[in-house]
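Open the model in your viewer and keep the selection tool at hand. The stops below say what to select next and what is there.

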Amino acid sequence: MLVKSDCPHCGRLVIEGSKYCLDCGSKIIADRSTAGGDKPLGPGLDTALAALELGKLTSGVYLLVIEGIDRGLCAPLDADGGVVIGRSESGVALRDPFVSRRHAEVEQVDGRWYIRDLTSANCTFVNSRPIERHELVEGDIVEIGYSTLLFHIAE
């Protein structure tokens with residue numbers, strides 16, 4: 001069913017529930033007043049966000065799943081090698097069916113954190129832009145399939 005929603009880049013109508021424009025491939029930004037269901041985002045509603053807000057994370061680097069089927073997952077990142085994000089059992093395992101088995105990899109190089117798309121079927125987005133490789137900074141939003149993750153450095 002077509003809805004009266006225009007692609008922000010090409011202006012064409014988009015199909016209800018689409019994540020991408022079928023004409024130009026641009027990402028469609030959905031209403032983020034709710035995430036991963038009917039629960040609105042807010043303090044105390046999400047395990048990962050609550051831990052972040054209450055300062056309960058020990059120092060380190062984390063990916064926090066803030067939207068999607070694995071909402072609330074808090075995955076620490078290891079500086080001693082790359083961490084694969086995907087549906088596989090290793091690294092950051094997501095149950096999202098739109099995530100490739102080996103979707104993306106996060107690694108630290110010379111004290112900086114990078115994310116790299118592993119030629120996934122549905123792309124990897126950082127701050128709503130498709131990436132091949134991207135340097136991550138505090139607060140970056142990583143979108144993989146229908147899952148949204150927050151990159152966080154706890155001091």
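**First stop: a charge over a ring**

Select Arg133 and Tyr114: Arg133 lies over the face of Tyr114, at 4.0 Å from the ring centre. A charge counts as over a ring if NZ of Lys or CZ of Arg is within 6 Å of the ring centre and within 35 degrees of the ring normal.

This is a predicted model, in which local features need pLDDT of at least 70 and side-chain atom pairs count only at pLDDT 80 or more, while totals for chains, interfaces and linings use all residues. Residues are numbered from 1 along each chain as its sequence is written, and side-chain values use heavy atoms, with hydrogens and water left out.

**The whole chain**

Now show the cartoon. The protein has one helix and 13 strands, and from the N terminus the order is β-β-α-β-β-β-β-β-β-β-β-β-β-β. Helices (H or I, at least four residues) and strands (E, at least two) are DSSP runs, numbered from the N terminus.

Of the 155 residues, 42% count as buried. Buried means under 20% relative accessible area, exposed over 50%, and partly exposed in between, with a 1.4 Å probe and protein chains only. Switch to the surface: the protein exposes about 8,800 Å², and carbon and sulfur atoms supply 51% of it. These areas come from the Shrake-Rupley method with a 1.4 Å probe, and for residues only the protein chains shown count as cover.

**The five-stranded sheet**

Select β5, β6, β7, β8 and β11. They form an open sheet in the order β6-β5-β7-β8-β11, with mixed pairing. Two strands pair if DSSP finds at least two bridges between them. The edge strands are β6 and β11 (133-136), each of which pairs on one side only.

Zoom in on β5 (residues 83-86) and β7: the two run antiparallel and are joined by three bridges. For one of the residues to click on, take Val83, whose bridge partner in β7 is Val106.

**The nonpolar cores**

Stay with Val106. Which residues does Val106 contact, leaving aside its neighbours within four places in sequence? They are Leu63, Leu77, Gly81, Gly82, Val83, Ile85, Trp113, Tyr114, Ile115 and Leu136. Contact means heavy atoms within 4.5 Å.

Next, select Leu77, Ile85, Val106, Ile115 and Leu136. Within the largest nonpolar core, of 21 residues, these touch the most other members. A nonpolar core is a set of buried Ala, Val, Leu, Ile, Met, Phe, Trp, Tyr and Cys residues joined through side-chain atoms within 4.5 Å. Two or more residues each come from β3 (60-67), β4 (74-77), β5, β7, β8, β12 and β13. The largest share, three residues, is that of β3.

Apart from this core lies another, of six residues, among them Tyr62, Leu64, Leu150 and Ala154. In soluble globular proteins, nonpolar side chains tend to be buried together.

**Two aromatic pairs**

How many aromatic pairs does a search of the whole structure find? It finds two. Rings of Phe, Tyr and Trp (its six-membered ring) pair if their centres lie within 6.5 Å; planes under 30 degrees apart count as stacked, over 60 as edge-to-face and the rest as tilted.

Select Phe98 and Tyr146, an edge-to-face pair at 4.7 Å centre to centre, with 75° between the planes. Phe98 is in the loop between β6 (92-93) and β7 (104-109), and Tyr146 is in the loop between β12 (141-144) and β13 (147-154), 48 residues apart. Phe98 is partly exposed at 40% relative accessibility, and Tyr146 is partly exposed at 39%.

Then select Trp113 and Phe151, a tilted pair at 6.5 Å centre to centre, with 55° between the planes. Trp113 lies in β8 (residues 112-117) and Phe151 in β13, so the pair ties together parts that are 38 residues apart in sequence. Trp113 is buried, with a relative accessible area of 7%, and Phe151 is buried at 0%.

**Loop residues**

Most residues other than glycine have a negative phi. Select Asp110, where phi is positive, near 50°. Asp110 sits in the loop between β7 and β8 and is exposed, with a relative accessible area of 77%.

Go on to Ser128, whose phi is also positive, near 70°. Ser128 lies in the loop between β9 (124-126) and β10 (129-131) and is partly exposed, at 30% relative accessibility.

Finish at Leu57, in the loop between α1 (47-53) and β3. Is Leu57 buried or exposed? Leu57 is buried, with a relative accessible area of 16%. Add Pro76 to the selection: Leu57 and Pro76 are 19 residues apart in sequence and 9.5 Å apart in space, C-alpha to C-alpha.
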